[in-house]
Structure formats: structure tokens, C-alpha cells
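User: Please take a close look at one part of this model, the open sheet and what surrounds it. I would like a single connected account that then places this part within the chain.

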Amino acid sequence: MAKDTAGPLRLLRETHEERVLAVLRTEGAMTRAQLTEQTGLSRATLSSIVQDLLAADALTETAADDGTSRGRGRPVTVLTLNPAGGLALGMDLGHRAVQVTVANVAHEIVGTTGIACSERTTWARRLELAISLAESLAAQHSISLSALSGVGVGVVGPVGHASRSSRAQLVRDGLNERFGVPVYVDNNTRLAGLGEAIWGAGAGLRNVLYLRLSYGVGSGLVLDGHLFSGAGGAAGELGHVSVDPEWPRCPCGGTGCLERYVSLSAVLEQCGVRSFDEVLELLTAGDERVHEVIATAGGRIGQVLATACNTVNPETVVIGGELAEAGAPLLDPIRATVRKYTHSQVRQGLEIVPATLGHDDAARGGIALVLRRSALLAGYPAATGPGSRDRVHDIG
Ligand SMILES: [Zn+2]
């Protein structure tokens, strides 16, 4: 690592690399001369950067076939991003599933795959599953994991700055040993929020509150373009806001936490069914009791959300997790309650929308961490439009 600590010079060089990659990403194949013109870099600087990017497999070089090659001198070649180079791996080690997604240097998702696990599955086993999923993805798409720039991983529970938690450490060490690249670990709900704010329902916005309604209830905050984690990595624990100070007790140590009322398990119990598919069928069939359970849950969620909205004033609230699949019977009471309990300026223009990414939301958030940090791939997510470039915050 010692050679990487050249300070400002290194940062300057990364910025130049970003410029070269951004031009190739948006304009496509180019000759060195065209790249020099487009980037405004000197020929010597450009040449040295291109040489390094070629050596790192981030670019490929082919002979120009458009008549620009003339008979004499060095043949003219064109440079393009190497879709098989500079890969970023995103992983989500969740309560009940492990998901792995891979993206290439052009910010395209190459593939994603997942496997169910039990809540009792050990973290070491989840890690093994994630590694073998990554290997099978690589085989399936004929890509080499030796071209990996980094791995971004979501895990369950709070993960703070430079977290020393045993779970985060186990994951970091295991992946580092297997792939030999930087590994970034964060809370998986927060990463799902990041994924939605970049690729999903909150794309292009600077203030997004993501709420996940699943077996656990939690949120991810993108505030003024930055993913917000808080002093101890526990920002956004909306599932543990008390909606009844008397009861019931919650494993977090509190009483009457929102999660105890509106988690997937709580809703299944209240509806007297065993799977959420049954809840959806009963909703479609117009079952009054189930409609009431969902509406009551929506009201409670709305109350907690209203307080959160009054606190951070988001442009959009994105609702994810299985419960969001209930659609209008859940979202309408949430919207009505938030409207009722928010300041007029907070609710003005506020949208409450369902999440649009699927099972790989947190894995995509992991990819965003890698793309933002890698010297080769920084500048992310330029591909989604102007103004969104600084959205991803270095979480440390
Ligand atoms: Zn609690």
C-alpha cells in the first residue's frame, strides 16, 4: 500500500483517470488524439494514464477500421472500455437470503443470483455461500474474478465507521483473503436505500428516505446527496421507534417498537396466515379483516414516517420489503397519515412510492460503494444523469 500514499498527486491522477473513463463511457470508442482533445489533458499525461488503464485491463485497444489508419507510420488504434475489466462485486448477506451481483467498468449489471438461507445460518456459512455464488456468476458469464476492483457487502445490523464488529470483520477478512481486493461493509438496509437512490425509485434525487418493511423494519437515509450512517452506524432505525410506551417488549431493549407491530411476522400473525402470498390473495379477494390489518399497519408506519419526514424533509420516501407488495391498501393509509402529521412545507411535493429494485437492491448498493471508491471507476454514477454524481458518500 505504501506506493499508494502519494497524497495530492495521487488524487490528481485519479481525477484524470476519471475524466478519461467518463469520456469513453459517454462517447464510446476513441483514438488517443480524440481523447486528448475531449479530456483537455496533455498528450504526455494522457499517454501515461492510458498505458496504466490498459495494464489494469480497464481499456482495450483495437486497430481503427474507419479509414483513419494511413499506410505510413504507426497504425492508428481506438480505445474502448473493457467490459470484462474493472469488475465490482456487490453482496447482500441478509437474514433469509444471500444475493450476489456483479457490474462491469461501464456500470452495467452483468448478472445477479441469490440463494435462500435460514435465520440460523451462521455468518461463516453465509460468507461461503456468497463466495460460491460469485464464482458461479463468473463461470456463467465467462468473466474473470481476477479483474475485480473491490467488493461491497451489506450485512444485517448496525455497521459503524471503521466497524470492528465481529460480523463485519469476519466478512471483510474472508472476502479479502479470497479475492485480495478492498472490501467495504455496511448495513444491508442502508445499502438497499443507496441502490434505490441510484438505480431505483429515488434515482436523480438528493434527499431520499428508504423504508424497508420485511421481517425487520429499518431505513436508509440519503441526505443532501450523501448516504447517512450516524455516529454509531445506527441512523434510520425507524423500526425501533416506540409507538406504545407500555408494551410489548422488544429484543432491542425498548417497548412498543414499530417493528413489533408491522414486521412481516407480526402481520402474518395478525392475519392468521403463514405466508405473505396468502395475505396478497386475501387482499385481492377483498377480505375485510386482512384489509384492516394492513390499513392499521399503514397508519402506524405513517405516524413514524411523518416524524422522520419532519426531521429530514425528503423529496421522496421509497417503501421496500415484502410488505410493500400489498400496494394501495398499505400505501394509501401511509400517505394519508404522513399528510396528516407533517408540516405543510414538508409534505409539499413529497412523494411516497414503492421500491422498484428487486432482491438485488442491497447488492447494488454494495456495487455503488466499490465504484465510488475505486480509482479506476470513480465518478459514479455519471451514467444516471447530471447532479447525481456526488450522491454516494464515502462511508469509511
Ligand atoms: Zn425495538
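**The open sheet and its surroundings**

Analyst: Gly154 has Asp186 of β8 opposite it. In this predicted model, the pair belongs to a wider pattern: strand β7, residues 148–155, is joined to β8 by 5 bridges, and the two strands run parallel.

Both strands are part of an open sheet of 5 strands, arranged in the order β6-β5-β4-β7-β8 with mixed pairing. Its edges are formed by β6 (109–116) and β8 (183–187), each of which pairs on one side only. On average, neighbouring strands of this sheet are turned by 15° against each other, with direction ignored.

Two helices pack on the sheet. Helix α5, residues 166–179, touches β4, β7 and β8, and its direction makes about 155° with that of β7. Helix α6, residues 188–198, also packs there and touches β4, β7 and β8; in its case the direction makes about 100° with that of β8.

The loop between β4 (87–93) and β5 (97–103) contains Gly94. Gly94 counts as buried because 25 other C-beta atoms lie within 10 Å, where the cut-off for burial is 20 or more. Leaving aside residues up to four places away in sequence, Gly94 touches Val156 and Asn188. Gly94 and Gly157 are separated by 63 residues in sequence, yet their C-alpha atoms are 9.7 Å apart in space.

For the setting of this part, the chain has 13 helices and 13 strands. Of its 396 residues, 40% count as buried. Among contacts in the chain with a separation of 6 or more, 64% are between residues 24 or more positions apart.

One further element of the chain is helix α10, residues 288–312. Its 25 residues should span 36 Å at 1.5 Å a residue, and the end C-alpha atoms are 35 Å apart, so the two values agree. The buried residues of α10 include Val290, Val293, Ile294, Ala297, Gly298 and Ile301; Gly302, Val304, Leu305, Ala306, Ala308 and Cys309 are also among them. In an α-helix there are 3.6 residues a turn, so residues three or four places apart point the same way. After α10 comes Asn313, with a positive phi near 50°.

Methods: Residues numbered from 1 in each chain as written. Predicted model: local features only at pLDDT ≥ 70, side-chain atom pairs only at ≥ 80, totals over all residues. Helix = DSSP H or I, 4+ residues; strand = E, 2+ residues; numbered from the N terminus. Buried ≥ 20, exposed ≤ 12 C-beta atoms within 10 Å, placed from the backbone. Contact = placed C-beta atoms within 7 Å. Expected span 1.5 Å × (residues − 1). Pairing = 2+ DSSP bridges. Axes fitted to C-alpha atoms, helices over the stretch in contact; angles between N-to-C directions.
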